[in-house]
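Trainee: I have a structure to look over and would like some help reading it. May I ask you about it piece by piece?

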Amino acid sequence: MKDADGRIRSWTLEPSQPRFTPPPGAVDAHCHVFGPQADFPFSAKAKYLPQDAGPDALFALRRQLGFSRNVIVQASCHGTDNRATLHAIAVSDGTCRGVAVVDPAIGDAELDALHAGGIRGVRFNFLKRLVDDAPKDRFLDVAHRIRRLGWHVVVYFEADILDEMREFLAAIPVPIVIDHMGRPDVAQGPAGADMTAFRTLLDSRNDIWMKVTCPDRLDPAGPPYADFVRAVRPLVEAYPDRVLWGTDWPHPNMESVLPDDGALVDVIPEIAVTTGLQHKLLVDNPMRLYWPEDI
């Protein structure tokens, strides 16, 4: 939905109350903040211009959904200016950590400042509709330089380029988190070509994690997201120590169908069917990756 200035709202103002209650200490490990634009302008290269969705709204949603912490991933509309993400972390009273997007030419002192501000990873985006350039050689240089900080790399790509990504991913010297499982076609099912190729990637090294997220993006049939559940549940069961979950709020570029965050939370017990799997997905795994000092 667009306002009078043409800025997009991609989230519902009245999400439902989920039936599922997350375990104490649960982490929403993939969300974003937009602006506020008056304080943190959007990038001149932004492919979309959202309405403001700042930390107050994020924390209100977190309380409603029953989560305790957030991992805020730098949104592409802010480019490499991470101030909005850093601001949200700063006002979170220690309940947020972040993933930055950086210029490959960033200096070590700037990386240190990001670390002090709560950043624990860097994101490489390969979606052509969101970014103009994704220089693999320069990204690899960044990956080597963040190793000393104990960070990881988050990679966002679509299933149709997985084969061409394999060499690049194999060369990354730090743990990897794959956003949204590389956006497979979940209608193919758990044994389909996309999931089979993705499992081959996961089996190539034991430090590749995945976000089992975004049924709203991957399953166009909508709630209860039966195709998503059928395709993703086996992944959670096969790789229980390498899965993360997040709302993806405020759902960039989802203006045509506004996702209901309560309904997204109710997918969790369908893909993680035991309390043990739910605790790994929502507490143990994200804490190990983002707050290891608090374990």
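Mentor: We shall go through the core, one helix, the cysteines and some backbone features. Please keep in mind that this is a predicted model.

Trainee: How many residues are in the largest nonpolar core?

Mentor: The largest nonpolar core has 96 residues. Those with the most contacts inside it are Val155, Phe157, Ile172 and Met181. Helix H11, residues 275-290, contributes the largest share of this core, seven residues.

Trainee: What is Phe157 in contact with, leaving aside its neighbours within four places in sequence?

Mentor: Its contacts include Phe126, Leu127, Leu162, Met165, Leu169, Ile178 and Leu201. Gly182 and Arg183 are also among the contacts of Phe157.

Trainee: Let us turn to helix H4. Which of its residues are buried?

Mentor: In H4, which spans residues 136-145, Phe139, Leu140, Val142 and Ala143 are buried. Seen down the axis of H4, these buried residues fall within an arc of 160 degrees, so they line one face of the helix.

Trainee: Why would residues a few places apart point the same way?

Mentor: An α-helix has 3.6 residues a turn, so residues three or four places apart point the same way.

Trainee: And what covers the buried residues of H4?

Mentor: The cover includes strand S4 (119-125), strand S5 (152-156) and helix H5 (162-171).

Trainee: New topic: how many disulfides does a search of the whole structure find?

Mentor: The search finds zero disulfides.

Trainee: Why is there no bond for Cys77?

Mentor: The closest cysteine sulfur to that of Cys77 is in Cys31, 13 Å away, which is too far for a bond. Cys77 is also buried, with a relative accessible area of 0%.

Trainee: How far is the sulfur of Cys96 from the closest cysteine sulfur?

Mentor: The distance is 6.6 Å, again to Cys31, and this too is too far for a bond. Cys96 counts as buried at 2% relative accessibility.

Trainee: Now the backbone. Which peptide bonds are cis?

Mentor: One is the bond from Gly35 to Pro36, with omega near 5 degrees. Pro36 lies in the loop between strand S1 (27-31) and helix H1 (55-65). Another is the bond from Trp249 to Pro250, with omega near 0 degrees. Pro250 is in the loop between strand S8 (243-244) and helix H9 (261-265).

Trainee: What about Asn253, in the loop between S8 and H9? What is its phi?

Mentor: Phi of Asn253 is near 65 degrees, a positive value in a residue other than glycine. Asn253 is partly exposed, with a relative accessible area of 32%.

Trainee: And Cys214: is it buried or exposed?

Mentor: Cys214 counts as buried, at 1% relative accessibility. Its phi is also positive, near 65 degrees.

How values were computed: Residues numbered from 1 in each chain as written. Predicted model: local features only at pLDDT ≥ 70, side-chain atom pairs only at ≥ 80, totals over all residues. Heavy atoms only, no water. Core = buried A, V, L, I, M, F, W, Y, C linked by side-chain atoms within 4.5 Å. Buried < 20%, exposed > 50% of the residue type's maximum accessible area, 1.4 Å probe, protein only. Helix = DSSP H or I, 4+ residues; strand = E, 2+ residues; numbered from the N terminus. Contact = heavy atoms within 4.5 Å. Arc of directions from axis to C-beta. Disulfide = S-S within 2.5 Å.
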